Amino acid sequence: MLDSTKIKLGIAPIAWTNDDLPQLGAANTFEQCISEMALAGFAGSEIGNKYPTDPEVLKKALDLRGLQICNAWFSTFFTTKEEEETIEKFIEHRDFLYEMGAKVIGCSEQGHSIQVLNKPIFDEKPVFTEGEWDRLIEGYNKLAILAQEKGMKVSLHHHMGTGIQTPEEIDRFMEQVNENVYLLFDTGHMYFSEGNQEAVDNLIDKYIDRIVHIHLKDVRQNIYEKLKEERWSFLKGVKEGVFTVPGDGVINFDHVFLVIKNSGYEGWMVVEAEQDPAKANPLEYAIKAMDYINEKTGL
């Protein structure tokens, strides 16, 4: 069983309204989203495209439902744009999250990313040059210092369709950045990248001491295999249901939860399983995820 004094459960709004595919869940309101999160029993949320940008307005809405903000996606472009552009936007993002009480900032390097493009996700994945790696590493080291100014931590979100997707790319990043740059561990993206349970288990084994935020998502094997066979884009895979909530797909979470327990991990575990809400009712799947996690961990 996991320690509820150390670990909190959150859920991402991407199941209700998708940032990359705004047509998915277009009719779902912010109020519906956070109300159903609370109804399903979650303690926190990440931030979606319908959330108020005024901290006081957002806080009031969340406080009414007993919810906290734990993180929000931030796109970096160190490999393709001027460093100062990313840093300037990061400071604004950091300050907003700080006002909301979040301790972690989840970042993804989106230079050359194909995750929102209509390209085969496995065939046209970006690969960084040596110069791009150098700029990326230097940039994230600077972000870590800026985060520390507010008592926060920067984490890298390994993600399909980006230049940091595979275990080898994650290894290179983690070995080259400073120790104050951390990892956002995502079960679904690691399984998606490698297609096997071993990759998921190995990644958490290797980096649990540097993991500061966890995304829990599952993969539907039949859709995953069709995606690979028919060379779909990432977003087509999402629309067709390649992702689902923990316990509803092929990933075995037993080892993940065991490592989390034995490590003394403190922080958030966030259900982040983007699906078409017209096909997968967000409240129904939020409850399904909560029931599964509770059964496995006691949280």
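Contact here means heavy atoms within 4.5 Å, and this criterion applies to the helix packing and residue neighbourhoods shown in the views below, all of which are taken from a predicted model.

**View 1. Helix H6 against the strands of the sheet.** Helix H6, made of residues 187-194, lies across strand S6 (153-157), S7 and strand S8 (211-216). With respect to S7, the helix runs at about 75 degrees. Strand S7 itself spans residues 181-186 and includes aspartate 186, the residue treated in View 3.

**View 2. The open sheet and its two edges.** The sheet is open and consists of 9 strands, paired in parallel and arranged in the order S3-S2-S1-S11-S8-S7-S6-S5-S4. Strand S3 (68-71) and S4 stand at the edges, and because each has a single partner strand, one side of each is left without a neighbour in the sheet. Neighbouring strands are turned against each other by 35 degrees on average, with direction ignored. At the S3 edge, strand S2 (residues 44-46) is joined to S3 by 3 bridges, the two strands running parallel, and glycine 44 stands opposite glutamine 68 in S3.

**View 3. Surroundings of aspartate 186 in strand S7.** Is aspartate 186 buried or exposed? Its relative accessibility is 0%, and since buried means under 20% relative accessible area, aspartate 186 counts as buried. A polar atom of its side chain lies 3.0 Å from the backbone nitrogen of glycine 188. When residues up to four places away in sequence are not counted, aspartate 186 touches His157, His158, His215, Lys217 and Glu272.

**View 4. The largest nonpolar core and tyrosine 140.** The largest nonpolar core has 97 residues, and those with the most contacts inside it are Tyr140, Phe173, Ile260 and Met269. Helix H4 gives the most to this core, with 8 residues. Apart from this core lies another, of 5 residues, among them Ala12, Cys70, Trp268 and Val270. Leaving aside neighbours within four places in sequence, the residues in contact with tyrosine 140 include Thr76, Phe78, Cys107, Ser108 and Glu109, and they also include Val154, Leu156, Phe173, Val177 and Val181.

**View 5. The buried side of helix H10.** Within helix H10 (residues 254-263), the residues Val256, Phe257, Val259 and Ile260 are buried. These four cover an arc of only 160 degrees around the axis, which means that they are on the same side of H10. Ile260 is also one of the residues with the most contacts inside the largest nonpolar core. H10 is followed by glycine 264, for which phi is positive, near 75 degrees.

**View 6. Loop residues lysine 81, histidine 112 and arginine 231.** Lysine 81 is found in the loop between strand S4 (74-76) and helix H3 (83-99), where it is partly exposed, with a relative accessible area of 36%. Although lysine 81 and glycine 111 are 30 residues apart along the chain, their C-alpha atoms are separated by 7.8 Å. Histidine 112 lies in the loop between strand S5 (104-109) and helix H4 (130-148), and with a relative accessible area of 40% this histidine is likewise partly exposed. Most residues other than glycine have a negative phi. In histidine 112, by contrast, phi is positive, near 70 degrees, and in arginine 231 phi is positive as well, near 60 degrees. Arginine 231 has its place in the loop between helix H8 (221-230) and helix H9 (234-240).

Methods
Residues numbered from 1 in each chain as written. Predicted model: local features only at pLDDT ≥ 70, side-chain atom pairs only at ≥ 80, totals over all residues. Heavy atoms only, no water. Buried < 20%, exposed > 50% of the residue type's maximum accessible area, 1.4 Å probe, protein only. Arc of directions from axis to C-beta. Core = buried A, V, L, I, M, F, W, Y, C linked by side-chain atoms within 4.5 Å. Polar contact = N/O pair within 3.5 Å; in protein donor to acceptor, adjacent residues only side chain to side chain. Pairing = 2+ DSSP bridges. Axes fitted to C-alpha atoms, helices over the stretch in contact; angles between N-to-C directions.
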